Amino acid sequence: KQKTAYEIPKRDWSSDVCSSDLYTLLMTASAPIAINGTLYKSIPYDPRKDLAPVARIGSTPLVLVVHPSVPVRSVRELIALLRARPADFTYASAGSGTPQHLSAELFKTLANVRMTHVPYKGSGPAMVDIISGQVPITFEVFITALTYVKSGRLRALAQTGAARSAHLPAVPTIGETGVSGYESAGWYGIFAPAATPQAIAARVHGEAMRIMRTADMQNRMAELGADPAADTPEQFAAFIRAEIDKWAQVIRASGATAD
């Protein structure tokens, strides 16, 4: 098998631990860490107590898109339309409690608008009905929506991250359009058990950052519509605490549940 540039090389870890010691790592998306604790009535773990954040390696902002039949070309126009006709519009998501759903609910709260949620079993079925105009609005990840935006089958109004993405540099963020405080993105990170020695976590973090800086990984992230991240373990831990608190408020306000 040809070796790729982002494989972790074999090396001697004995300067940190005995060679017989083994450590389990977890790579996961944001939902099991920042969302599920509130979305479900009970989960068998507490991410704040049971896991040690090691490295956030990337984020995946979403894009707010509408079917071309919707007579708006900006977020401000969409907000005005939704306020004028609060009972007339629905939005699709990949399912209850997904980042797509909660991103829309955060928008509804901060923009003070109403839309009716139509949950689907995944992004695929949702996009079929969005493209056909059965449901006029959705929040979707770049990799799924980008082809349809570029072909003109969907209209991109804004992206959900804190800064504009290179994938759609001409499309503003929702925060730029006047919805103060709006920011939403899925993310991926590496975790270790809570009792993992700091030296091991620091070593893994360093290796992860080295791999993320390689051209192969940078190109692959771009292909997936993801933006690289480079948090320290301490920054990642603070970020997670803020994410848990933010999405807990959104879930409770929306009444979303997975049970």
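## A walk around helix α9 and beyond

Let's start with Thr28, which sits in strand β1, the run of residues 26-29. The model we are looking at is a predicted one. With a relative accessible area of 11%, Thr28 is buried, because buried here means under 20%. Which residues does Thr28 touch, once its neighbours within four places in sequence are left aside? The partners are Ile33, Trp187, Tyr188, Gly189 and Phe191. Of these names, Ile33 will return in the helix contact described next, and Trp187 in the lining of the cavity.

### Two helices that cross

Helix α1 covers residues 31-39, and its axis comes within 8 Å of the axis of α9. The two axes cross at roughly 35°, and the crossing of α1 past α9 is right-handed. On the α1 side, the contact is made by Ile33, Ala34, Ile35, Thr38 and Leu39. On the α9 side, Ile240, Glu243, Ile244, Trp247, Ala248, Ile251 and Arg252 take part. What is the make-up of this contact in nonpolar, polar and charged residues? The contact of α1 with α9 has nine nonpolar residues, one polar and two charged.

### A cavity that shares some of these residues

How many cavities of 30 Å³ or more does a search of the whole structure find? The search returns one. The largest cavity has a volume of about 50 Å³. Its lining is formed by Ser30, Ile35, Pro99, Ser184, Ala185, Gly186, Trp187, Glu243 and Trp247. Two elements, β7 (185-193) and α9, each give two or more residues to that lining. β7 gives the most, with three residues. By residue type, the lining of the largest cavity divides into five nonpolar, three polar and one charged.

It is worth placing the two lists side by side. Ile35 of α1, together with Glu243 and Trp247 of α9, belongs to the helix contact, and Ile35, Glu243 and Trp247 also line the largest cavity.

### More of α9, and the loop before it

Helix α9 spans residues 233-254 and holds Ala238. Asp245 is found in α9 too. Ala238 counts as partly exposed at 35% relative accessibility, and Asp245 counts as partly exposed at 44%. Thr232 lies in the loop between β8 (227-228) and α9, and with a relative accessible area of 29% Thr232 is partly exposed. These values are partly exposed because that class lies between under 20% for buried and over 50% for exposed.

Thr232 also leads us to helix α7, residues 198-212, where His205 is found. Is His205 buried or exposed? His205 is buried, with a relative accessible area of 14%. Leaving aside neighbours within four places in sequence, His205 is in contact with Val54, Ala55, Asp231, Thr232 and Pro233. Through Thr232, then, the contacts of His205 reach the loop between β8 and α9.

### Two loop residues elsewhere

Asn112 lies in the loop between α4 (99-111) and β4 (116-119). Asn112 has a positive phi of about 60°, although it is not a glycine. Why does Asn112 count as exposed? Its relative accessible area is 57%, and exposed means over 50%.

Arg153 is in the loop between α6 (142-151) and β6 (155-159). At 46% relative accessibility, Arg153 counts as partly exposed. Neighbours within four places in sequence aside, Arg153 is in contact with His67, Pro68, Ile131 and Tyr148.

### Sequence and space compared

For several of the residues above, a C-alpha to C-alpha distance can be set beside the separation along the chain.

| Pair | Apart along the chain | C-alpha to C-alpha |
|---|---|---|
| Ala238 and Pro53 | 185 residues | 9.5 Å |
| Thr232 and Ala126 | 106 residues | 36 Å |
| Asp245 and Gly122 | 123 residues | 25 Å |
| Arg153 and Tyr91 | 62 residues | 16 Å |

Ala238 of α9 and Pro53 are thus 185 residues apart along the chain, with their C-alpha atoms separated by 9.5 Å. For Thr232 and Ala126, 106 residues apart, the C-alpha separation is 36 Å.

Terms used
Residues are numbered from 1 along each chain as its sequence is written. This is a predicted model: local features need pLDDT of at least 70, side-chain atom pairs count only at pLDDT 80 or more; totals for chains, interfaces and linings use all residues. Side-chain values use heavy atoms; hydrogens and water are left out. Helices (H or I, at least four residues) and strands (E, at least two) are DSSP runs, numbered from the N terminus. Buried means under 20% relative accessible area, exposed over 50%, partly exposed in between (1.4 Å probe, protein chains only). On a 1 Å grid over the protein atoms alone, a cavity is a set of points where a 1.4 Å probe fits but cannot get out, and a pocket is an open set with protein on both sides within 12 Å along at least five of seven lines; lining residues have an atom within 4 Å of a point. Grid points are joined across faces, edges and corners, and a volume is the space filled by probe spheres set on the points. Ala, Val, Leu, Ile, Met, Phe, Trp, Tyr, Cys and Pro count as nonpolar, Asp, Glu, Lys and Arg as charged, and the others, Gly among them, as polar. Axes are lines fitted to C-alpha atoms, for helices over the stretch in contact, and angles run from 0 to 180 degrees between N-to-C directions. A crossing is left-handed if the near helix is turned anticlockwise from the far one by less than a right angle, and right-handed if clockwise. Contact means heavy atoms within 4.5 Å.
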